[in-house]
Amino acid sequence: TGGKDTTIRRLIEHIGEDYLKASTDLFCTGSTLRPGILVIINDADWEITDDGMDKYDYKLQDEDEIVFVSTLHGG
């Protein structure tokens with residue numbers, strides 16, 4: 001997904017299309033994440049790093065570390 005204009009939105013689409021073909025609906029719907037998935041960008045929850053832009057439009061940098069964590073579990 002390289003390139004200087006790669007966004008979180010495009011990363012989510014790429015993961016859904018190219019890696020989770022059988023169970024995409026558990027991770028995303030198109031270019032947005034399903035509820036219950038936390039996104040950590042460089043050790044910070046993307047929900048608390050509000051800079052006024054749509055969080056899905058964040059442009060990835062070369063050294064960014066992106067972590068997706070599911071908070072949903074069975075009992």
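1. Sheet. Three strands make up an open sheet, ordered β4-β3-β5, with antiparallel pairing. The edge positions belong to β4 (44-45) and β5 (66-70), each of which pairs on one side only. Keep in mind throughout that this is a predicted model.

2. Helix on the sheet. Helix α1, residues 8-18, packs on the sheet. The helix touches β3 and β5, and its direction makes about 60° with that of β5.

3. Pairing of β3. Strand β3 covers residues 37-41 and is joined to β4 by 2 bridges. These two strands run antiparallel. I40 has D45 of β4 as its bridge partner. On the β5 side, 5 bridges hold β3 to β5, again antiparallel. There, L38 stands opposite V69 of β5.

4. Faces of β3. The side chains alternate along this strand. I37, V39 and I41 point to one face and are buried. L38 and I40 point to the other face and are not buried.

5. The β3-β4 turn. This hairpin has 2 residues between its strands. N42 takes a positive phi there, near 50°. Look at N42 again in point 9, where its side chain makes a polar contact with the side chain of D64.

6. Core. The largest nonpolar core holds 13 residues. Those with the most contacts inside it are I8, I12, F27, L33, W46 and Y56. Two elements, α1 and β3, give two or more residues to this core. The biggest contribution is from α1, with 4 residues. As background, nonpolar side chains tend to be buried together in soluble globular proteins.

7. I12 in detail. Which residues does I12 touch, not counting those up to four places away in sequence? The list is F27, C28, G30, S31, T32, L33, Y56 and F68. F27, L33 and Y56 are also among the residues with the most contacts inside the core. S31 on that list deserves its own point.

8. S31. This serine lies in the loop between β1 (28-29) and β2 (32-33). Is S31 buried or exposed? S31 counts as buried because its relative accessible area is 15%, below the 20% cut-off. Leaving out residues up to four places away in sequence, S31 touches R9, I12, E13 and Y56. With R9 there is also a polar contact between side chains, at 3.4 Å.

9. D64. This aspartate sits in the loop between β4 and β5. Why does D64 count as buried? Its relative accessibility is 19%, and buried means under 20%. The margin is worth checking by eye. Setting aside neighbours within four places in sequence, D64 is in contact with N42, Y58 and K59. Its side chain makes two contacts to look at. One is a polar contact with the side chain of N42, at 2.8 Å. In the other, the D64 side chain reaches the backbone nitrogen of Q61, also at 2.8 Å.

10. D64 and the end of β3. D64 and I41 are 23 residues apart along the chain. Their C-alpha atoms are separated by 6.8 Å. I41 is one of the buried residues of β3.

Notes:
Residues are numbered from 1 along each chain as its sequence is written. This is a predicted model: local features need pLDDT of at least 70, side-chain atom pairs count only at pLDDT 80 or more; totals for chains, interfaces and linings use all residues. Side-chain values use heavy atoms; hydrogens and water are left out. Two strands pair if DSSP finds at least two bridges between them. Contact means heavy atoms within 4.5 Å. Axes are lines fitted to C-alpha atoms, for helices over the stretch in contact, and angles run from 0 to 180 degrees between N-to-C directions. A nonpolar core is a set of buried Ala, Val, Leu, Ile, Met, Phe, Trp, Tyr and Cys residues joined through side-chain atoms within 4.5 Å. Buried means under 20% relative accessible area, exposed over 50%, partly exposed in between (1.4 Å probe, protein chains only). A polar contact is a pair of N or O atoms within 3.5 Å; within protein, one must be able to donate a hydrogen and the other to accept it, and residues adjacent in sequence count only if both atoms are side-chain atoms.
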